[in-house]
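Hi,

Here is the structure I said I would pass on. Have a look at it first, and then read my notes below.

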Amino acid sequence: PPVEDVAREVRRQGGLLELDKHNWPWSMMLIPTIHVDLYELTNNHVLRTGFRFRTWAEPPPDYMCVERDLKGGVTENGWIDFTLQNYYCLLDCGFRMRPTAGTGTGVHPVPLGYGRVYVHCDGDLTMDHWLRGLDAGQSFVTTGPLMDVRVNGELPGKTFTQEKPEGTFHLTGKLYSQQPLARIEVVMAGEEVRSIAVNTSRASSTASSPWRGSKW
């Protein structure tokens, strides 16, 4: 379709543009052409069943060194790594795309809402408040745990500016999950800088008794 015409109409109606997946042959062209707003950190190739799309569309470049199977296909861990590394590259190029998610329910064997995005909303939970928070990047993406993470007390989406390269950033958060958690990984500039062991306990206030991760 004529993507620029579509984008103009979306902007006229006050909407946001989302990149479905990053490795269609034309995906990277769309970003500077129509100024895509949202990037799916988890998309409809992340399934609750076994991973299927090992050689689909454009392969990850060799420099990413993503995990592959014995036949050279991308594994599920490799696909997620590819997705994240591509996102970091776009951020480094100045494209401030905000995190979102999708499932492809009805197309792939994945239930509605398996891959989902949560948005912090001040005041009443309305569509306008939710979209403003999503556009500001005040969101997190998950296929499982609920998460609340702050940096220096600020919500996700905050841009920090400083005159000197050094600085102190205080990361705090908490996780709630239906399943026990193994660890928390802290990633900076695309690289894991810390792995935090999690001591979990069962919450006693809900019938489903979800697991509760320690604050950190």
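What follows is a walk through the features I found, element by element.

Keep in mind throughout that this is a predicted model.

**The helix pair**

Let me start with α1 and α2. Helix α1 covers residues 3-12, and helix α2 covers residues 27-34. Their axes come within 11 Å and cross at roughly 50 degrees. An angle under 35 degrees would count as roughly parallel and one of 65 to 115 as roughly perpendicular, so α1 is oblique to α2. The crossing of α1 past α2 is right-handed.

Which residues make the contact? On the α1 side they are Val-3, Glu-4, Ala-7 and Arg-11, and on the α2 side they are Leu-30, Thr-33 and Ile-34. Sorted by class, that contact has four nonpolar residues, one polar and two charged.

Pro-32 also sits in α2. Its relative accessible area is 41%, and since partly exposed runs between 20% and 50%, Pro-32 counts as partly exposed. If you want a distance from there, the C-alpha atoms of Pro-32 and Tyr-63 are 23 Å apart, with their positions 31 residues apart along the chain.

**The parallel sheet**

Next comes an open sheet of three strands, ordered β1-β2-β3 and paired in parallel. Which strands are at the edges? They are β1 (18-19) and β3 (98-101), each of which pairs on one side only. Strand β2 takes in residues 38-42, and its parallel pairing with β3 runs over four bridges. Within that pairing, Glu-40 has Thr-100 in β3 as its bridge partner. Helix α3 (residues 76-92) packs on this sheet and touches β2 and β3, with a direction that makes about 155 degrees with that of β2.

Leu-19 is worth a click while you are in β1. Buried or exposed? Its relative accessible area is 3%; the cut-off for buried is under 20%, so Leu-19 is buried. Leaving out residues up to four places away in sequence, Leu-19 touches Ser-27, Met-28, Leu-30, Ile-31, Val-36, Leu-38, Tyr-39, Glu-40 and Met-97. Two names in that list have come up already: Leu-30 in the α1-α2 contact, and Glu-40 as the bridge partner of Thr-100. As for Ile-184, its C-alpha atom is 27 Å from that of Leu-19, and the two are 165 residues apart along the chain.

**The antiparallel pair**

Strands β4 (residues 116-119) and β5 (residues 139-142) pair in the antiparallel sense, again over four bridges. Tyr-118 stands opposite Phe-140 in β5. The two faces of β4 are unlike in cover: Val-117 and Val-119 are on the covered face, while Arg-116 and Tyr-118 are on the uncovered one.

**Two positive phi values**

Two residues other than glycine caught my eye on the backbone. His-35 has a positive phi of about 55 degrees, and Asn-152 has one near 50 degrees. Where do they lie? His-35 is in the loop between α2 and β2; Asn-152 is in the loop between β6 (146-151) and β7 (171-177). With a relative accessible area of 54%, against a cut-off of over 50%, His-35 counts as exposed. Asn-152, at 36%, counts as partly exposed.

**Towards the C-terminal strands**

Asp-148 belongs to β6 and, at 28% relative accessibility, is partly exposed. What does Asp-148 touch? Not counting residues up to four places away in sequence, it touches Thr-172, Gly-173 and Lys-174. For Lys-174, the C-alpha separation from Asp-148 is 5.5 Å, although the two residues are 26 apart along the chain.

Last, Met-188 is in β8 (residues 183-188) and, at 56% relative accessibility, counts as exposed. Its C-alpha atom is 9.8 Å from that of Tyr-88, a residue 100 places away along the chain.

That's the lot from me. Shout if you would like to go through any of it together.

Cheers

Methods. Residues numbered from 1 in each chain as written. Predicted model: local features only at pLDDT ≥ 70, side-chain atom pairs only at ≥ 80, totals over all residues. Heavy atoms only, no water. Buried < 20%, exposed > 50% of the residue type's maximum accessible area, 1.4 Å probe, protein only. Pairing = 2+ DSSP bridges. Axes fitted to C-alpha atoms, helices over the stretch in contact; angles between N-to-C directions. Parallel < 35°, antiparallel > 145°, perpendicular 65-115°, else oblique. Left-handed = near helix turned anticlockwise from the far one by under 90°. Contact = heavy atoms within 4.5 Å. Nonpolar A, V, L, I, M, F, W, Y, C, P; charged D, E, K, R; others polar.
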